[in-house]
Amino acid sequence: MLELLSENRCFAGVHRRYRHHSRELDCAMVFAVFLPPAALAGARVPALWWLSGLTCSDENVMQKAGAQRRAAQLGLALVAPDTSPRGEQVPGDPEGSWDFGHGAGFYVDATQEPWARHYRMHSYVVHELPQLLEAQLPLNGRRGISGHSMGGHGALLCALRNPGRYDSVSAFAPIANPSTCPWGQKALGHLLGPDPDAWAAWDACRLLAAGHTAQGPGGDAPLPLLVDQGTADPFLEAQLHPQALAEAAATAGQPLELRLQPGYDHSYFAIASFIDDHLNHHARALLA
């Protein structure tokens, strides 16, 4: 059951926020959807799923990325889930810091207590929420996946772990090798346990090293991956490791266009500057 929270007209389409109870996360969740004019006119349209970063919610991309204009022109829906389970019953960071817990689910399925009951963001965004929305909204079942930072990590995981489920994939400044960075080590250590070997299935670089590639529904060749990374990003060296992604992709035979954008940082100013390129990248697959 979807509860409509708000609705706004936007570029002849409509932006909506909904709430529902998630069985995977065992809590109430809020998400946003932009439906383009074609969907309001009766067409069933493909969707680009956007996974946001640390501390974010569905509101960041919908209010800051400027994606709706081009999505409306192309006839793409945009779907923005939240970044973690939320609520008084959902445990947060035991130390009270910002980089784990609420707003920082890391798009994995936790195995460790007390996280395992609620922190199942991977199953939520890959299976539960698409099944719900494709049954109740004018979506045709064709999916692209993208995201920023922690959400870029999530987008890579979704594509690499679920061959045939997505038609297209891209990312902005993804946490590409979380096993080797402080954000990832903290989150994966809590959610999956202290053994780094348990993290391999949730690390894009390690999945590529094991031979995984992003496969579309046809499975004939790996999907092309587009990644934008600002060179003035303050998290570039310590947290994001795009060169490790490039090396792992080359070894695995995963097509990757890694665009280093001079002077751009980690903010939505950077995302807004290149979001149309990503929408066009997804549209070439989703509208084919």
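A residue counts as buried when its relative accessible area is under 20%. In this predicted model, Cys158 has a relative accessible area of 0%, so Cys158 is buried. Cys56, at 9% relative accessibility, is buried as well.

The cysteines make a convenient starting point for a look around. A disulfide is a covalent bond between the sulfur atoms of two cysteines. The structure holds zero disulfides. For Cys56, which is in no disulfide, the nearest cysteine sulfur belongs to Cys181 and lies 16 Å away. Cys158 is likewise in no disulfide, and its nearest cysteine sulfur, 16 Å away, is that of Cys205.

Cys158 also leads to Ile145, since these two residues touch. Beyond four places in sequence, the residues touched by Ile145 include Leu48, Trp49 and Leu51, along with Ala155, Ala159, Tyr166, Val169 and His282. Ile145 is among the residues with the most contacts inside the largest nonpolar core, together with Phe106, Leu133 and Leu191. That core has 69 residues. Apart from it lies another core, of 23 residues, with Phe34, Leu48, Tyr268 and Phe274 among its members.

A further point of interest is Leu286, found in helix 10, which spans residues 268-286. Leu286 counts as buried, with a relative accessibility of 2%. Which residues is Leu286 in contact with, leaving aside its neighbours within four places in sequence? They are Pro46, Ala47, Leu76, Arg142, Arg143, Gly144, Asp167 and Ser168. One of these partners, Arg143, is 143 residues apart from Leu286 along the chain, yet their C-alpha atoms are separated by 7.0 Å. Ser168 appears in both sets of contacts, being touched by Ile145 and in contact with Leu286.

Terms used
Residues numbered from 1 in each chain as written. Predicted model: local features only at pLDDT ≥ 70, side-chain atom pairs only at ≥ 80, totals over all residues. Heavy atoms only, no water. Core = buried A, V, L, I, M, F, W, Y, C linked by side-chain atoms within 4.5 Å. Buried < 20%, exposed > 50% of the residue type's maximum accessible area, 1.4 Å probe, protein only. Contact = heavy atoms within 4.5 Å. Disulfide = S-S within 2.5 Å. Helix = DSSP H or I, 4+ residues; strand = E, 2+ residues; numbered from the N terminus.
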